[in-house]
Amino acid sequence: MDSECQCQRITTQTTAVRRIPTLDVDLRVRRFHRDDTRRIHNLFLEETRCLVWPMFAQAIRSPPAIILHLLFMAVGAMLARSFVIALFGVILTAAAIFVYTYRWFYQYLTSSLKGDLANISQYYLCKAKCNFLVAEFDNSIIGFIAIDQKSETIASVRRMSVDTCFLGRRKFIVTRLFQEAFKFCQECGYSEMVVEFPGTQKTKSYELRRCDTKPTRPDISVPREG
């Protein structure tokens, strides 16, 4: 009898040790530590680089780019009467747009890593109404969100990134980060939180409620940024 009970205890302990961590249960959102700096930089670089091609595809389909394509095709057809020259003009326009996009991303990465991300503790944690939160899973940081002060009543989400290995659960991780960010903003007395989209002039505002820790709208649309 004693041996059976002992075997059951050993089995229970073994099962507890071998439990596989799950994102739904084991994801933890905490405040930034100085030792997290290198991992934060890597996350920011990885996800920002993934945005080069989507932004290039968006730029090449924009009305100004389409007008340039048609203009080069018309000039090539009228002057040289050659489809090859017209096609070369289109390719040249696409290459110029890609170079411009890549150059913008390079400048954005450089300015970010030399700016607020160079010393996160000093820029965010030393200010009473700013914060930098990280999402931790299985002893690894898989996402972060940076909250900056835009005015006395408005908070700004300046940075937000998620590990590219968790793209299938990105929405869940972002939701958890936003919930903690909302709690912090409410505690600081903010009445509004603004999400800034890098590379554009677009922003999205959320009204903060005292008794709620979620946005006023159920869908959370956030920038894919670093």
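The expected span of a helix is 1.5 Å times one less than its number of residues. Helix α3 follows that rule in this predicted model: its 14 residues, 37-50, reach 20 Å from first C-alpha to last, close to the 20 Å expected.

**Figure 1. Helix α3 and its residue Glu46.** The buried residues of α3 are Ile40, His41, Leu43, Phe44, Leu45, Glu47 and Thr48. Glu46 also belongs to this helix. Its relative accessible area is 33%, so Glu46 counts as partly exposed. Beyond neighbours up to four places away in sequence, Glu46 touches Arg39, Asp163 and Thr164. Asp163 is 117 residues from Glu46 along the chain. The C-alpha atoms of Glu46 and Asp163 are nevertheless separated by 7.8 Å.

**Figure 2. The whole protein, with its 8 helices and 6 strands.** Along the sequence, the elements run α-α-β-α-α-α-α-α-β-β-β-α-β-β. The protein has 226 residues, and 38% of them are buried. Consider contacts between residues at least 6 apart in sequence: 64% of these join residues at least 24 apart. The accessible surface comes to about 13800 Å². Carbon and sulfur atoms account for 59% of that surface.

**Figure 3. The largest nonpolar core, with 26 residues.** Ile145, Met160, Ile173, Phe178 and Met193 touch the most other members. At least two residues of this core come from each of β2 (131-137), β3 (140-149), β4 (154-162), α8 and β5 (192-196). Helix α8 gives the most, with 8 residues. Another core, of 16 residues, lies apart from this one. Its members include Leu109, Cys130, Val134 and Ile141.

**Figure 4. Helix α8, residues 170-187.** This helix has 18 residues. From first C-alpha to last, α8 reaches 26 Å, close to the 26 Å expected at 1.5 Å a residue. Its buried residues are Arg170, Ile173, Val174, Arg176, Leu177, Phe178, Gln179, Ala181, Phe182, Phe184, Cys185 and Gln186. Gly189 follows the helix. The phi of Gly189 is positive, near 85°.

**Figure 5. Ala155 in strand β4.** Ala155 has a relative accessibility of 0%, so this residue counts as buried. Residues within four places in sequence are left aside here; the contacts of Ala155 are then Ile147, Asp148, Lys150, Cys185, Tyr190, Glu192, Met193 and Val194. Cys185 appears among the buried residues of α8. Ala155 and Cys130 are 25 residues apart in sequence. In space, their C-alpha atoms are 8.2 Å apart.

**Figure 6. A salt-bridge network of Arg28, Arg30, Asp36 and Glu136.** Side chains of opposite charge can pair when their charged atoms come close. In the Arg28 and Glu136 salt bridge, the closest N and O atoms are 2.4 Å apart. Arg28 lies in strand β1 (residues 28-31) and Glu136 in strand β2, so the pair ties together parts 108 residues apart in sequence. Arg28 is partly exposed, with a relative accessible area of 43%. Glu136, in contrast, is buried at 14%. Another salt bridge of the network joins the side chains of Asp36 and Arg30, at 2.9 Å from N to O. Both Asp36 and Arg30 are buried.

**Figure 7. The salt bridge between Arg159 and Asp116.** The side chains of these residues meet at 2.8 Å, N to O. Arg159 lies in strand β4, whereas Asp116 lies in the loop between α6 (83-114) and α7 (120-125), so the pair ties together parts that are 43 residues apart in sequence. Arg159 is buried, and so is Asp116. The structure holds 11 salt bridges.

**Figure 8. A nonpolar patch on the surface, formed by Leu68, Leu71, Phe72 and Val75.** Together, these residues have about 320 Å² of accessible area. Leu71 is found in helix α5 (residues 63-80). With a relative accessible area of 49%, Leu71 is partly exposed, because exposed means over 50%.

Terms used
Residues numbered from 1 in each chain as written. Predicted model: local features only at pLDDT ≥ 70, side-chain atom pairs only at ≥ 80, totals over all residues. Heavy atoms only, no water. Helix = DSSP H or I, 4+ residues; strand = E, 2+ residues; numbered from the N terminus. Buried < 20%, exposed > 50% of the residue type's maximum accessible area, 1.4 Å probe, protein only. Patch = residues over 30% accessible without salt bridge, like charges linked within 9 Å, V, L, I, M, F, W, Y side chains within 5 Å. Areas by Shrake-Rupley, 256 points an atom, 1.4 Å probe, with all protein chains shown as cover. Salt bridge = Lys/Arg side-chain N within 4 Å of Asp/Glu carboxyl O. Core = buried A, V, L, I, M, F, W, Y, C linked by side-chain atoms within 4.5 Å. Contact = heavy atoms within 4.5 Å.
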